[in-house]
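Work through the exercises below with the sequence and the model open. Each task is followed by a stepwise solution.

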Amino acid sequence: MAMQPHSKKRVCYYYDSDIGNYYYGQGHPMKPHRIRMTHNLLLNYGLYRKMEIYRPHKATADEMTKFHSDDYIRFLRSIRPDNMSEYNKQMQRFNVGEDCPVFDGLYEFCQLSAGGSVAAAVKLNKQASEICINWGGGLHHAKKSEASGFCYVNDIVLGILELLKYHQRVLYIDIDVHHGDGVEEAFYTTDRVMTVSFHKYGEYFPGTGDLRDIGAGKGKYYAVNIPLRDGMDDESYESIFVPIISKVMETFQPSAVVLQCGADSLTGDRLGCFNLTVRGHGRCVELVKRFGLPFLLVGGGGYTIRNVSRCWTYETSVALGVEIANELPYNDYFEYFGPDFKLHISPSNMSNQNTPEYLEKIKNRLFENLRMLPHAPGVQVQAIPEDAVNDESEDEDKVDKDERLPQSEKDKRITGDGELSDSEDEGEGGRRDNRSYRTPQPRKRPRLDKDGSTIKDEIKTEDSKDDVKNISSVEEPKKELPPNP
Amino acid sequence: MAANMYRVGDCVYFETSSTSPYQIRRIEELNKTPSGNVEAKVMCFYRRRDLPNPLIQLADKHQMAQSEDSPIAMKLKKICLKTPVGEEQAAQAVLDPALAAMEEESSELPGTDGLAPKQRHQAKHRELFLSRHVETLPATHIRGKCTVTLLNETESLLSYLNKDDAFFYCLVFDPSQKTLLADKGEIRVGSRYQTEVTNLLKDGEEDVRNSEELETLVWTPEHGLTDRQIDQFLVVSRSVGTFARALDCSSSVKQPSLHMSAAAASRDITLFHAMDTLHKSGYSIESALSSLVPASGPVLCRDEMEEWSASEANLFEEALDKYGKDFADIRQDFLPWKTLKNLVEYYYMWKTTDRYVQQKRVKAVEAESKLKQVYIPNYNKPNPALITSNSSSGKAPAVLNGGTNGTATVTAAQLCASCQVTNSNQWYTWGPQHLQYRLCGSCWQYWKKYGGLKTAGVFGETEVEAAKGPRGEGEDTALSVSHRPHRCTVLNCAKEFKLRAHLARHVATAHGSGEGARPVMKTRAAFYLRASPFTRLARRLTRALRRPRHYARSPFSPINLTQVKHECSAAMAGLGAAELRAAGAAAGAARVRGPVGAVAARLAAARGTPPATGRHDWLTLTPRDAMPHPPHVAFPKPPKAPDGSLMYERVLSRAEIEARRAEAAPAQPLKRRAYDDINGLDRGAREGGECAAPPPAKRPNKHPAPMQRPSREQYAAMCARAQATGQPLPAHVFTHVNGKPTNISGRGGRRHVISWMDAPDDLYFRANETAKVARRSLSCGELRRGARAPWRALRGGAAAPAPLHHGGAARLSAPAVYSRCTYPARPSPSPPPPPGTERRLYFW
């Protein structure tokens with residue numbers, strides 16, 4: 001894919017001056033005020049005047065229920081600190097209380113955060129901008145009907161849903177130190193959104209994001225998880241980020257990108273355990289920007305607020321393609337940035353538990369998975385058919401059977417775990433041997449997906465051995481066509 | 001230095017028992033106690049050997065399930081992943097025939113493919129189980145760093161084996177409930193979790209979304225103004241703001257000087273307002289200017305910082321002090337006329353003020369007890385399990401002289417129980433006492449760190465293998481050892497069982513006792529030898545036993561029992577019963593000494609004193625005041641308080657010492673310190689140039705109290721005793737408490753202080769041939785002198801090897817003594833071993 005030089009782009013920036021004054025509660029690490037601190041830095045750095053600045057609308061309940069369940073949004077709209085006691089049961093059900101407290105203006109906060117991302121996505125759709133920024137968004141843990149990890153409404157999912165109106169494939173990249181489980185879960189079974197998350201894995205919130213979680217059903221291989229260990233530094237991060245993202249761009253060919261810039265992957269974060277500097281973090285923005293796709297930047301985690309505002313300021317400058325001085329300009333929050341009052345921060349001397357070998361192995365395994373995608377390297381890019389099942393037979397008829405099958409055809413034969421129509425008729429009479437024509441599903445991966453496959457396995461206990469034997473023959477394309485479309 | 005610096009978040013080895021392996025913990029918090037010690041709040045990792053057996057088996061199967069997609073594996077995964085599995089359930093699951101069948105298949109952790117059986121065995125030592133269990137341990141028990149990472153399926157276990165101190169974990173163990181759980185969340189699949197994906201708009205279909213409804217433009221870069229113009233306008237708006245403050249009464253009170261007004265007018269709110277004004281006036285500077293100065297007067301923008309009066313600010317600080325950052329409560333009780341947003345905005349701005357900085361300093365001092373890191377010096381004390389003789393196991397002689405055992409154990413014991421080597425610098429006793437296993441130095445280290453033996457060949461492994469028949473290949477042994485079979489501790493039984501329950505049953509049935517199911521590690525067996533009349537007779541009769549002194553000195557040299565028996569029977573054959581009894585009785589009969597009075601009289605006669613008839617005044621005690629006073633009192637009694645109690649000098653805790661020091665020194669402005677030297681002991685360590693955080697008893701003492709020094713007489717007595725028993729002096733005699741080796745070559749140097757924490761170890765000096773020869777060449781007087789002053793090289797004239805080998809019992813052990821310092825602050829200055837000593841006495 002064509003890489004574009006570091007260039008000037010039309011940048012839209014979404015900010016509501018109220019967002020900084022929502023307060024999660026005493027001792028809570030999430031501090032929306034960091035967004036305001038970023039904003040003030042942007043003004044004093046003179047970046048403000050170089051962008052289109054928008055005050056987003058407040059997303060309506062209607063907009064939010066594009067993803068979230070109605071009763072969850074209704075609950076969020078009605079809960080207040082003074083009526084909490086009436087909602088005990090629902091609070092438990094929606095996981096609101098501890099990590100995700102009820103605070104004053106909770107719903108408005110969600111509205112502003114979601115409103116920004118949705119407006120930004122619409123902006124990109126209208127091609128009125130190349131890069132949109134919403135530091136108030138990026139709340140990637142929120143689930144369909146559940147709050148999680150300081151996130152209530154998943155603005156990212158709402159934004160991506162908007163983008164999907166105009167973009168066949170949307171890529172989501174997550175460089176928060178935590179796994180972007182909310183977004184991954186929302187798009188776990190679709191092949192139109194690929195979620196790529198780089199995160200600390202192992203004894204860490206939210207506990208998901210294993211290398212083996214790759215999506216399910218149609219979405220199999222469309223969830224990419226890069227589990228990392230403590231102490232990731234700039235160099236290691238780039239060494240894994242660049243090849244993975246390039247490969248993803250090459251195989252998935254998205255037409256829009258959403259980057260979640262959680263700043264808790266920075267060194268010295270109150271909750272994080274990575275060792276990235278502002279420069280290393282911003283490098284990811286730069287790399288993604290180079291692909292020149294419609295680009296939505298959202299915030300996310302980040303709990304050492306002085307570094308969060310440093311980071312997002314720098315990343316705004318990267319998005320704008322403007323160099324800014326290391327010396328911080330005077331602003332209302334200048335004292336926070338002492339003792340050096342510099343934009344850039346130095347890494348700590350913590351040890352990096354991610355050895356090059358470990359990263360290499362992870363990378364190779366992910367490459368293997370990416371190879372399973374319909375777009376194999378070297379094959380002409382094709383649009384993914386809207387519904388593979390319906391037009392499959394027509395396509396097959398057109399294919400010359402003596403020719404080597406194009407990759408797209410081969411891939412159609414590879415049935416995802418969840419797609420197996422393992423109905424009763426398979427066990428019956430004459431149709432039984434049909435099974436042998438079926439190209440066995442790739443079984444390289446030791447772990448089963450969670451969708452529906454359990455049923456299949458319980459029925460086909462005696463078949464599993466055959467399947468295992470067939471692994472070796474996966475690579476060879478079978479010429480025979482499945483008679484049972 | 002860096003290696004010994006332990007930070008919060010590090011995984012470390014903790015030593016809680018000298019014989020068992022280290023415990024692996026992760027430091028969660030480091031707290032300084034009032035006494036100056038550092039306590040570490042740690043999270044526990046468990047080794048395989050710490051887990052109940054059924055759980056271990058289940059864990060193995062879980063691993064299998066991970067790498068396989070068989071339905072049984074799925075079933076197991078369900079048990080394992082979804083709910084925590086208890087011990088009983090696990091045991092049940094293991095008994096499940098379907099699962100049992102799985103055992104037939106290979107059972108390795110993922111990534112074990114292509115590992116040799118030995119490596120596979122060792123890989124099991126690297127597996128840990130995470131727990132949420134937290135405990136508090138003294139930081140001085142830290143014995144080094146290690147790394148624990150979540151095993152990734154792409155990794156081969158070899159990468160852990162190839163790295164020292166590298167561990168992995170897959171599962172979480174709950175020690176209180178005895179359950180296992182996979183540390184893994186899951187992405188749920190179903191319509192309740194996924195979103196409905198919006199369809200791509202069809203050609204000609206219009207998007208209903210309208211940007212105008214979604215956003216309000218506040219600024220656009222397409223303004224046609226230069227940067228300079230904007231900057232100029234910002235300056236103008238600030239000057240307008242300054243002027244507005246001059247006009248405003250309340251402002252002029254708050255900001256009495258022009259500077260202050262200008263500073264207030266330069267705050268970001270004025271700038272944002274200026275930008276908004278520009279935008280609203282269509283980026284026309286002219287109209288923007290006029291809207292800055294409307295008819296009502298110049299525009300005044302004030303943020304919360306400025307809006308608040310001094311009394312409100314005071315109220316806020318007071319409230320903050322009282323309620324913390326609970327702004328809702330603060331608002332309710334202190335500042336009801338403000339909104340919550342006002343409070344939050346003010347709070348974040350207030351944090352930039354000096355008042356906050358001062359408060360923070362106070363808090364920082366208070367938080368001094370929370371450490372970020374701690375320096376723990378290397379631990380060099382010998383392990384009690386260390387065998388201190390270099391030629392033989394320390395415990396063997398007891399058994400041998402008792403005549404209970406043949407030579408088989410000797411040879412077995414001389415091998416390393418793990419790697420079978422016969423040569424090692426150090427030997428450690430290992431395993432149950434009666435088995436007399438020992439480990440070489442490197443295997444001991446391995447055992448301490450990884451909680452197992454390098455090879456699977458010990459613990460009667462061969463029998464297990466034989467029992468298993470042809471199927472029992474390397475893997476099986478590896479498996480069985482890694483499962484830590486429960487073995488019977490009853491002497492000469494040592495049967496192994498997979499489950500503890502089975503062992504308990506075995507003990508109950510075979511040995512008729514309910515206890516002992518748990519392998520007991522006795523530190524030392526208590527025994528005594530009761531000589532039977534025949535033994536006594538044999539001692540008298542046989543020539544082989546005519547050298548009782550020799551055997552007493554070298555209890556480890558075997559006595560040829562068959563010869564003894566032979567001679568005994570030969571001698572006894574010619575004797576009648578009565579003669580036998582007489583011979584026995586002659587040995588056993590006590591010498592008749594008569595009553596005490598007679599003895600005393602005899603002694604008096606021997607002294608030449610005429611036997612006084614009535615009183616033996618020399619038998620009365622010397623009055624206390626007439627007793628000779630020692631020239632130096634080692635432990636003088638402290639002065640008495642008026643009430644008669646003894647007044648001991650108070651030992652100051654570090655905190656107190658520092659408090660005093662701080663009092664003495666003028667308060668220095670606290671500066672933000674770099675990460676690595678925050679309020680740590682390391683600071684103290686650097687200042688003192690000495691090791692940090694020793695336990696109080698061993699605290700570096702700048703002025704060692706003279707009272708702690710043994711007197712000349714005590715000293716001589718100790719040395720004499722040591723010499724008499726053939727032992728070198730207990731090393732602690734020379735060891736200076738604060739980690740500095742004492743000057744052994746003369747007494748003029750540092751004072752000797754005995755560490756009362758250490759009981760003298762059981763050591764003995766084994767004289768080799770040269771030593772004995774040398775000893776013989778010395779006169780009796782020289783020997784005595786040597787005994788009294790063991791640190792002095794013997795002048796022993798002609799005997800050239802003497803100073804080396806004998807006179808220097810102390811000399812010899814000198815390097816060892818050096819390296820035995822409890823807390824060496826710097827590398828031990830151990831001199832090279834004197835030539836000719838093939839082995840030193842101590843090796844640490």
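**Exercise 1: a residue at the other chain**

Leaving aside neighbours within four places in sequence, B:T195 is in contact with A:K66, A:F67, A:K144, A:V157, A:L161, A:A186 and A:F187. Contact means heavy atoms within 4.5 Å. This is a predicted model: local features need pLDDT of at least 70, side-chain atom pairs count only at pLDDT 80 or more, and totals for chains, interfaces and linings use all residues. Residues are numbered from 1 along each chain as its sequence is written, chains are lettered from A and ligands numbered from 1 in the order in which they are written, and side-chain values use heavy atoms, with hydrogens and water left out.

Task: Place B:T195 in its chain, then decide whether B:T195 is buried or exposed.

Solution.
- Step 1. Find the segment. B:T195 sits in the loop between β8 (179–182) and α7 (211–214) of chain B. Helices (H or I, at least four residues) and strands (E, at least two) are DSSP runs, numbered from the N terminus.
- Step 2. Read the accessibility. The relative accessible area of B:T195 is 9%, so this residue is buried. Buried means under 20% relative accessible area, exposed over 50%, partly exposed in between (1.4 Å probe, protein chains only).

**Exercise 2: chain A as a whole**

Task: State how many helices and strands chain A has, and what share of its residues is buried.

Solution.
- Step 1. Chain A has 15 helices and eight strands.
- Step 2. Of its 485 residues, 64% count as buried.
- Step 3. Turn to contacts with a separation of 6 or more. In chain A, residues 24 or more positions apart account for 78% of them.
- Step 4. Add the surface. The accessible surface of chain A comes to about 17,500 Å², and carbon and sulfur atoms hold 47% of that. Accessible areas come from the Shrake-Rupley method with a 1.4 Å probe; for residues, only the protein chains shown count as cover.

**Exercise 3: two helix pairs**

Task: Classify the packing of α5(A) with α6(A) and of α1(A) with α10(A).

Solution.
- Step 1. Take helix α5 (residues 106–125) and helix α6 (residues 155–163) of chain A. Their axes come within 8 Å and cross at roughly 20°. α5(A) is therefore roughly parallel to α6(A). Axes are lines fitted to C-alpha atoms, for helices over the stretch in contact, and angles run from 0 to 180 degrees between N-to-C directions. Angles under 35 degrees count as roughly parallel, over 145 as roughly antiparallel, 65 to 115 as roughly perpendicular and the rest as oblique.
- Step 2. List the contact. The α5(A) side includes A:S113, A:A114 and A:S117, and the α6(A) side includes A:D155, A:L158 and A:G159. The contact residues divide into seven nonpolar, four polar and two charged. Ala, Val, Leu, Ile, Met, Phe, Trp, Tyr, Cys and Pro count as nonpolar, Asp, Glu, Lys and Arg as charged, and the others, Gly among them, as polar.
- Step 3. Take helix α1 (residues 33–45) and helix α10 (residues 305–320) of chain A. Their axes come within 8 Å and cross at roughly 45°. The two helices are therefore oblique to each other. This contact has eight nonpolar, four polar and three charged residues.

**Exercise 4: two buried residues of chain A**

Task: Give the setting and contacts of A:S113 and A:V196.

Solution.
- Step 1. A:S113 is in helix α5. At 1% relative accessibility, A:S113 counts as buried. Beyond four places in sequence, its contacts include A:I19, A:N134 and A:D155.
- Step 2. A:V196 is in strand β5 (residues 193–200). Its relative accessible area is 0%, so A:V196 is buried. Among the residues A:V196 touches, beyond four places in sequence, are A:L171, A:V224 and A:V248.

**Exercise 5: backbone checks**

Task: Which residues does a cis peptide bond join, and what is the phi of A:E203?

Solution.
- Step 1. A cis peptide bond joins A:F205 and A:P206, with omega about -5°. A:P206 lies in the loop between β5 and β6 (223–228).
- Step 2. A cis peptide bond also joins A:G338 and A:P339, with omega about 0°.
- Step 3. A:E203 is not a glycine, yet has a positive phi of about 60°. A:E203 lies in the loop between β5 and β6.
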